[in-house]
Amino acid sequence: MEFVTESSTVNWLPMVFIALMGLSFLVYAILDGYDLGVGVLLPTDKAAANQAARDKMIYSIGPFWDANETWLVLAIGLMLIAFPKAHSIVLQALYLPTALMLFGLILRGVSFDFRTKAPSKDKHKWDLAFKAGSLIATLCQGYMLGRYVTAFDTSTAATLFALLSAICVTAGYCYVGSAWLVMKTEGELQKRSAKWAIWSNRFMALGIVAVCIANLSIDPVIADKWLGFPQVFILIPLVMLFGFMFVTVELYLRKVPMADDFGCWYPFVCAIIIFTLCFCGLAYSFYPYIVPNQLTIFEAASAPASLLVIFWGAVIVLPVIIGYTIFAYKVFWGKTSQLNY
Amino acid sequence: MLSRIQFAANISFHILFPTINIALCWILVFFKWRYNRTQDDAWLRVYRFWVRIFALTFAIGVVSGITMSFQFGTNWPGYMEKVGNIAGPLLGYEVMTAFFLEASFLSIMLFGMDRVSNRVHTIATLLVAVGTSLSAFWILVLNSWMQTPAGFEMIDGVAHVTSWSEVVFNPSMPYRLAHMLLASALTAAFLIAGISAYRLIKGDQKSSVKYALNFAVLLAAILMPLQAFVGDLHGLNTFEHQPAKVAAMEGVWQTERGAPLLLFAVPDETERTNHFEVAIPNLASLILTHEIDGEIRGLDEFKGEHAPVAPVFYSFRLMIGIGLLMLALAWLASYQFVYKKRYPTWLLKTTVAMTFSGWIATLAGWYVTEIGRQPYLVSGVLTTEEAATGIAPENIALSLTLYLLVYGFLLIAYIKTLFVMADRAVKLEATNPKLADMQQADSPSEDLNEKLSTPVSAQ
C-alpha cells in the first residue's frame, strides 16, 4: 500500500483524526440513537394514558438530547476540518437526504421545546411533529449510510439496499431507544418498552444479517477481508457473541419487570456492544478509504500544521467534555421523574 | 446564486437566536446572583420565566446552527478547499470548547434546580454563559478573518497559517466582537423590556415583572451610547481596512474631500450616482477621518470590485435609524423610572412595539458587513463565485424552499409563543400568586392553567 509510505512523518495525524471522527460518529449513533428511537416510538393517539406515556418518554431524554446531538456536529466538524475533500464529496453526493435529515432534526429539536410552551391544545400536534421529525431523521441517516457503503452507486439494486439500510437503522435506533426506556422507566410504560424492544431487536438482527450478506456479495475485497484465512477466525466468535446477546436479551425482555428491576440495564448495554461492533466492522471493511473506493484518508487529509493545532486542543478538551458529560448523566441518574423548570 | 440565497437565509435566521442568547445568559446569571444575594423570590421568578425563553431560543439556535455546519460542505466546497486550514481549526475549537459546554450544562441549568445544590446550579448557569460567549468569540474570529485576513500565506492556491495569533487577533476582530456582544446585550434588553411591558399592560403588577423591566431599561440606557461609540470605532477600522465597503455604506461614488453625510438618497448603480440626496456637508469626512475636509475614497476606485451599493447603503441607514430610536426609548424610559418611578401607558406600548428592534438593527448591520464585503467571501483571497457549489440548481431550489418554509413557520411560532408564555404568566399571577412559581412545572401547569383560565375570563 503505497499511500502509507509517502510523507510518513505525519502519517499518524490522519489516523488519529479518522479515529476521533469515527469515535464521534459511534458516540452519536448510540446517544442520539436512543433519543431518536424514543421519538420514533412515541404513541400517537390522544388518549390521556398515551399523553402521560409521551410525557414520561420525553422527560427521559429531555436533559440529554441536546448534548447527544452535539456529537453529530463534532463528527461532521472533524470531517470538515481533517478531511475537507471527503466532506464535500460525501455531502454533495447526499445533498437531498442531508437536507431532509436536517429538516427532521430541526422539526424535532424545536417541537421538544414548543410542546411545553405552546397552548395546551397544541401540545399533541407538537408531539406528533416530534415523532415525525425523529422518524425522518432516522430514516435519512439509514438511507445515507446505505448510499455511503455502496459508494454512491446509483443502480436500482443500490437504491433498494439504501432503503433496506434506512429501515434497519431505524430498527436499531428503536431498539436502543426502547432499551433506554426499559432502564429509565417503571410500571406499565416499562412493560410496553420491553415489547417494543423485543420487536425492534428482531428486526435489527434481521437487518444486520441482510446488510452483512449484501455487503459481502457486492465487494470481493471486503468479502476477502472477512472470509479469507485467517481473518475468518475473528468472524466466528463475533457471530457467536451476537447470537448469544440476541437470545439472552429476548429472554430477559419477556420477563420484564423483574423483581427489584434486576438487570434493567442489560438490553441497553447489549445495544452499546452491538452498535460498537457493527461500527468497527464497517470501519474495518472500508479502511483506509474515507470515500469508499475513491479517496483514502491520507489523500483527503488537511495540512498537518492545522491538524496539529486541533489535535492538541482535542487532547486537552475531549477528556474535559467526557468528564462533564458523565457528571450530567450522574445528576439525572436513576428512573425518570418529571422535569421542572 | 441560489446557494447564496440559501446561505443568506440560513445565516440570517440563525443569527437571530444566538444574538438573544449570548447576552440573555449573562443576564440570567445576574438574576440568579441577585436572588442568591437578596433571597427575594421575585428574582427567582424572573429567572425562571426567562430561563424557559432562553431554552426555546437555544433550541432553535442549535438546530439552525447544525444546518450551517452541513452547508459548508454542500454549498461552499471551494471555501474549505482554499481556506480550510484556517477556518477548520477555528470551527473545531468552537465545537469543542463551546458547544459541548453549553449543551451539557444547559440541562442542569434547566432541569437540575432540585437535583443539585444551589451553588452548582449557579455555576452551571455561569458555564452556559461562558459557553455561548466562547462560541460567539470563535465564530467572530473567523468572520473577522474573512473580512480582514491576516497571518497566512498562499501556497499553490491554498491558505497556510504563518501565525495563529495574527489569524485570531486580526485587525477587525476586537471591534467586530465588541460591536456584536453589545448588539446582543441590547437585543436581549429590548426583548426583556418589551415582554415585561406587555405583562404590565395586561395587568401583571408583580414586583418580578417590574424588576425585569427596570433592569432591562437601565441596561439599554447605559449600553446604547457605548454601542454608538464602539460602532464609530468599528467604522473607522472598516474605513482603514475595507474602504470599498465604507464607500458603499456612505454612497460615495467619486473620491472626494469634505464628503457630506447622506441622511437619505437613492443610489443608482447604472448611472453611478445618487438621486434625491439629503445631506449634511462635510460630516462624513469629519466622522471617518476626524478632519473637516478629509479624503474618502470613492467607489470609482473599486470598479467591478465593490458590493452592490443600494442594499449596503439602505441597511446601514436602517441600522443607524433603529439604533437612534432605541437610544431615545431607553433614555426616556430610564428617566421615567429614575425620576417618576412609573411608566406611562403609551411608553409601555411603545416598548412592546420595540420588542424585536434589536433583531432588525442586528440583521441590518449584518447585511452591511456581509454584503459590503462582496464580491469576496474572503477579502482579496476568495470570491463568493469560486466557493460556490456545483450541485444541480433544482436540488438547491428544492432544499431552499423547504428551509424557507420551515424558517418562516418557526419565526412566527417563536414570536407567538413568547406572548403566549407572557399571557400564561399573567393569568397565573392574577389568580393565585402562590401558584405562580408552579407555572414552570411542565404538564401539570397546563392542566392548572386550563382550570384557572375559566374563572379569569368570567371575572
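Here are some short exercises on a predicted model with chains A and B, each with a worked solution.

Before you start: local features need pLDDT of at least 70 and side-chain atom pairs count only at pLDDT 80 or more, while totals for chains, interfaces and linings use all residues; side-chain values use heavy atoms, leaving out hydrogens and water. Residues are numbered from 1 along each chain as its sequence is written, with chains lettered from A and ligands numbered from 1 in the order in which they are written.

**Exercise 1.** Work out how many helices and strands chain B has, and how its radius of gyration sits beside the globule rule.

*Solution.* Start with the count: chain B holds 15 helices and eight strands. These are DSSP runs, numbered from the N terminus, with helices being H or I of at least four residues and strands E of at least two. Next, the radius of gyration of chain B is 24 Å, close to the 23 Å the globule rule gives for 459 residues, so chain B is as compact as a globular protein of that length. (That radius is taken over C-alpha atoms, and the rule is 2.2 Å times the number of residues to the power 0.38.) Finally, picture a box of roughly 70 × 45 × 40 Å along the principal axes: the C-alpha atoms of chain B fill it.

**Exercise 2.** Do the same for chain A, then find what share of its residues is buried.

*Solution.* Chain A has 14 helices and two strands. Its radius of gyration is 21 Å, close to the rule's 20 Å for 341 residues, so chain A too is as compact as a globular protein of its length. The C-alpha trace of chain A spans about 65 × 40 × 40 Å along its principal axes. Of the 341 residues, 57% are buried. Here buried means under 20% relative accessible area, exposed means over 50%, and partly exposed is in between (1.4 Å probe, protein chains only). For chain B, the buried share is 60% of 459 residues.

**Exercise 3.** Find the residues with the most contacts inside the largest nonpolar core, and follow one of them outwards.

*Solution.* First, the term: a nonpolar core is a set of buried Ala, Val, Leu, Ile, Met, Phe, Trp, Tyr and Cys residues joined through side-chain atoms within 4.5 Å. The largest one has 221 residues, and A:Trp180, B:Trp50, B:Tyr79 and B:Tyr414 have the most contacts inside it. Now take B:Tyr414: leaving aside neighbours within four places in sequence, its contacts include A:Phe114, B:Phe17, B:Ile53 and B:Trp359. Contact means heavy atoms within 4.5 Å. There is also a second, separate core of 15 residues, including B:Trp253 and B:Val309.

**Exercise 4.** Two alanines of chain A sit in loops; say where each lies, and whether A:Ala259 is buried or exposed.

*Solution.* A:Ala259 is in the loop between α11 (232–255) and α12 (266–286) of chain A. With a relative accessible area of 65%, A:Ala259 is exposed. Its C-alpha atom is 42 Å from that of A:Ala162, 97 residues apart along the chain.

Turn to A:Ala151, in the loop between α7 (123–149) and α8 (156–184) of chain A. A:Ala151 counts as partly exposed, at 21% relative accessibility. Not counting residues up to four places away in sequence, A:Ala151 touches A:Pro292 and A:Asn293. From A:Ala151 to A:Phe246 the distance is 30 Å, C-alpha to C-alpha, with their positions 95 residues apart in sequence.
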